[in-house]
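Here is a set of short exercises to work through with the model open beside you. Try each task before you read its solution.

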Amino acid sequence: MNNISKSLDDTLLSSSTDEATKTIKDLSTDFTEAGIDALIQNDVVKEIPVVKTLLAIPKVIKSISNYLFLQKIIRFLYQLNGTTLKERQDFLASLNTSKREEIISNLILVLDKHDHLQKSELQGKLFVAYIKGLINYSDYMALTYALNMMDIKLLSSLVSFYVSETSQTLKPETIYNFIFLQLVRIDNSQIGLIGGGGPMYKRNKLGMLMVEICTEAKIPQDYKDQILGKI
């Protein structure tokens with residue numbers, strides 16, 4: 001692992017991370033620039049292994065790209081307040097060495113590529129769900145890819161699609177974006193049939209997980225049962 005990946009691994013295993021995430025929560029939840037600056041200067045936050053490593057990089061605060069990356073890391077770490085040290089330890093212990101290094105290294109790369117700071121918070125929610133066993137590795141990777149590629153402004157449209165009865169009313173370009181990201185399924189079974197119509201757009205498990213994990217929206221139970229094939 002490189003220094004940053006190793007320090008993020010150490011962060012997940014550190015008991016001080018729990019105190020630090022509580023401090024982050026107490027000091028700032030809106031993550032304004034002023035709030036981030038205050039967090040960076042906080043003695044508890046500065047001792048988080050990955051933050052400490054980043055702050056040791058020469059001119060990290062003066063470099064826009066490094067400063068933004070530090071903001072993404074802090075937003076991501078804030079979500080870890082939803083886990084316990086034992087959960088994080090058990091999760092990492094369950095991974096073989098190569099898978100552990102792959103997941104941590106890819107996480108660094110993904111956070112660095114985020115084109116919107118909110119994505120780093122949502123990535124934290126996905127990672128917490130993975131730690132807690134709410135999603136498997138395949139779902140975690142697919143959701144990570146979808147989040148990274150998604151226009152964050154479309155998240156509210158995805159929520160509307162999953163909670164609303166009028167799920168067919170989104171713009172075609174929006175629907176096809178979701179289809180590309182595997183967050184919506186296209187059903188062409190009625191095309192060409194007598195009395196048939198155009199394609200139908202269906203909810204699927206991956207989109208349901210994205211909405212449930214990343215937002216506070218509640219998907220109606222009958223929709224969830226349809227998605228999971230219970231009805």
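Buried here means under 20% relative accessible area, exposed means over 50%, and partly exposed lies in between. Please keep in mind that this is a predicted model.

**Exercise 1. Helix α8**

Task: Find which residues of α8 are buried, and check the span of helix α8 (residues 97-113) against 1.5 Å a residue.

Solution: Start with burial. The residues of α8 that fall under the 20% cut-off are Ile103, Ile104, Leu107, Ile108, Val110 and Leu111. Now turn to length. The expected span is 1.5 Å times one less than the number of residues, so the 17 residues of helix α8 should cover 24 Å. The C-alpha atoms at its ends are 24 Å apart, in agreement with that expectation.

**Exercise 2. The chain and its core**

Task: Describe the chain as a whole, then locate its largest nonpolar core.

Solution: Begin with the secondary structure, which consists of 14 helices and 2 strands. Of the 231 residues in the chain, 46% are buried. About 11800 Å² is exposed, with carbon and sulfur atoms supplying 52% of that area. Next, look at contacts between residues at least 6 apart in sequence: 65% of them join residues at least 24 apart.

Now for the core. In soluble globular proteins, nonpolar side chains tend to be buried together. The largest nonpolar core in this chain has 66 residues, and Leu77, Phe127, Leu158, Tyr162, Leu183 and Met210 have the most contacts inside it. The biggest contribution to this core, 8 residues, comes from helix α6 (residues 64-78).

**Exercise 3. Aromatic pairs**

Task: Count the aromatic pairs in the whole structure, then classify the pair formed by phenylalanine 76 and phenylalanine 127.

Solution: A search of the whole structure gives 8 aromatic pairs. For phenylalanine 76 and phenylalanine 127, the centres are 5.7 Å apart and the planes make an angle of 50°, a tilted pair. This pair links distant parts of the chain, with phenylalanine 76 in helix α6 and phenylalanine 127 in helix α9, 51 residues apart. Phenylalanine 76 has a relative accessible area of 0% and is therefore buried; phenylalanine 127 is also at 0%, so it is buried.

Compare phenylalanine 161 and tyrosine 162: their ring centres are 5.5 Å apart and their planes meet at 65°, so this pair is edge-to-face. Both of these residues, phenylalanine 161 and tyrosine 162, are buried.

To finish, widen the view. Ring pairs join Phe76, Phe91, Phe127, Tyr130, Tyr137 and Tyr140 into a cluster. Beyond four places in sequence, the contacts of phenylalanine 127 are Leu12, Phe76, Leu80, Phe91, Ile103, Leu107 and Tyr140.

**Exercise 4. Two residues of helix α9**

Task: Decide whether serine 120 and leucine 117 are buried or partly exposed, and list their contacts beyond four places in sequence.

Solution: Take serine 120 first, which sits in helix α9 (residues 117-131). Its relative accessibility is 0%, so serine 120 counts as buried. The side chains of serine 120 and histidine 114 make a polar contact of 3.0 Å. Beyond four places in sequence, serine 120 touches Lys72, Arg75, Phe76, Leu111 and His114.

Leucine 117 also belongs to helix α9. Because its relative accessibility is 22%, leucine 117 counts as partly exposed. Its contacts beyond four places in sequence are Leu68, Gln71, Lys72 and Arg75. Leucine 117 and phenylalanine 76, 41 residues apart in sequence, have C-alpha atoms 9.4 Å apart.

Technical notes: Residues are numbered from 1 along each chain as its sequence is written. This is a predicted model: local features need pLDDT of at least 70, side-chain atom pairs count only at pLDDT 80 or more; totals for chains, interfaces and linings use all residues. Side-chain values use heavy atoms; hydrogens and water are left out. Buried means under 20% relative accessible area, exposed over 50%, partly exposed in between (1.4 Å probe, protein chains only). Contact means heavy atoms within 4.5 Å. Accessible areas come from the Shrake-Rupley method with a 1.4 Å probe; for residues, only the protein chains shown count as cover. A nonpolar core is a set of buried Ala, Val, Leu, Ile, Met, Phe, Trp, Tyr and Cys residues joined through side-chain atoms within 4.5 Å. A polar contact is a pair of N or O atoms within 3.5 Å; within protein, one must be able to donate a hydrogen and the other to accept it, and residues adjacent in sequence count only if both atoms are side-chain atoms. Rings of Phe, Tyr and Trp (its six-membered ring) pair if their centres lie within 6.5 Å; planes under 30 degrees apart count as stacked, over 60 as edge-to-face and the rest as tilted.
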